Amino acid sequence: QVRLVESGGGSVQAGGSLRLSCAASEHTRSKNMYCMGWFRQAPGKAREGVAVIYSGDGTTYYGDSVKGRFTISQDAAKSTIYLQMDSLKPEDTAMYYCAADYRHQCPWVLIASSFNDWGQGTQVTVSS
């Protein structure tokens, strides 16, 4: 179990950039064995995997719709992950959720149901 707090959402015009942060705390297990990442959910749509990173070695995986535009990174000392979102499109508009799961590696297929801990979410709105 881990507590997750997101920040950094907001409104931006298409083509702009935003940076999301997710701070993890109250780890009940080794901090080096968590897969952490971002999912998003637009109204009426299923929760979609955006990007994940493994705390132990920094391995990353991305959803197809954000490859080349979004970058996930981490500050292991602060137990914080970041999502740099560039070249934003209106279809990126959604509630973005930070997720974490204690495991030996991140899954390369990003399925929300495989993650145990979730933040409250932060809204990202991209206008055309």
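Ala-100 has Asp-117 of strand 10 as its bridge partner, where strands are DSSP runs of E with at least two residues, numbered, like helices (H or I, at least four residues), from the N terminus. The model is predicted, so local features need pLDDT of at least 70 and side-chain atom pairs count only at pLDDT 80 or more, while totals for chains, interfaces and linings use all residues. Residues are numbered from 1 along each chain as its sequence is written, and side-chain values use heavy atoms, with hydrogens and water left out.

The bridge of Ala-100 belongs to an antiparallel pairing of strand 9 with strand 10 over 2 bridges; two strands are said to pair if DSSP finds at least two bridges between them. Strand 9 also pairs with strand 4 in the antiparallel sense, over 8 bridges, and there Trp-38 stands opposite Cys-98 of strand 9. With strand 11 (residues 122-127), strand 9 forms an antiparallel pairing over 3 bridges, in which Tyr-96 is matched with Thr-122. Of the 9 residues of strand 9, 7 are buried, and the strand is thus mostly covered. Here buried means under 20% relative accessible area and exposed over 50%, with partly exposed in between (1.4 Å probe, protein chains only).

The loop that leads from strand 9 (94-102) to strand 10 (117-118) holds Val-109, and Pro-107 lies in that loop between strand 9 and strand 10 as well. Pro-107 is buried, because its relative accessible area is 17%. Beyond its neighbours within four places in sequence, Pro-107 is in contact with Cys-35, Val-52, Tyr-61, Ser-114 and Phe-115, contact being heavy atoms within 4.5 Å. One of these, Cys-35, is 72 residues from Pro-107 in sequence, with a C-alpha to C-alpha distance of 8.3 Å.

Val-109 is partly exposed, because its relative accessible area is 41%. Together with Trp-108 and Ile-111, Val-109 makes a nonpolar surface patch of about 350 Å². Patches are made of residues with over 30% relative accessible area and no salt bridge, like charges being joined within 9 Å and nonpolar side chains (Val, Leu, Ile, Met, Phe, Trp, Tyr) within 5 Å. A salt bridge is a side-chain nitrogen of Lys or Arg within 4 Å of a carboxyl oxygen of Asp or Glu. Accessible areas come from the Shrake-Rupley method with a 1.4 Å probe, and for residues only the protein chains shown count as cover.

Attention now turns to another sheet. An open sheet of 4 strands follows the order 1-3-8-7 with antiparallel pairing. Strand 1 (3-7) and strand 7 (70-75) stand at its edges; each has a single partner strand, so one side of each is left without a neighbour in the sheet. From one strand to the next, the twist averages 20 degrees, with axes fitted as lines to C-alpha atoms (for helices over the stretch in contact) and angles running from 0 to 180 degrees between N-to-C directions. Strand 1 and strand 3 (residues 18-25) are joined in the antiparallel sense over 5 bridges, and Arg-3 stands opposite Ser-25 of strand 3.

Two serines in loops have unusual backbone angles to consider. Ser-79, in the loop between strand 7 and strand 8 (80-85), has a positive phi of about 50 degrees although it is not a glycine. Ser-79 is buried, because its relative accessible area is 12%. Ser-87, in the loop between strand 8 and strand 9, has a positive phi near 50 degrees. At 42% relative accessibility, Ser-87 is partly exposed.
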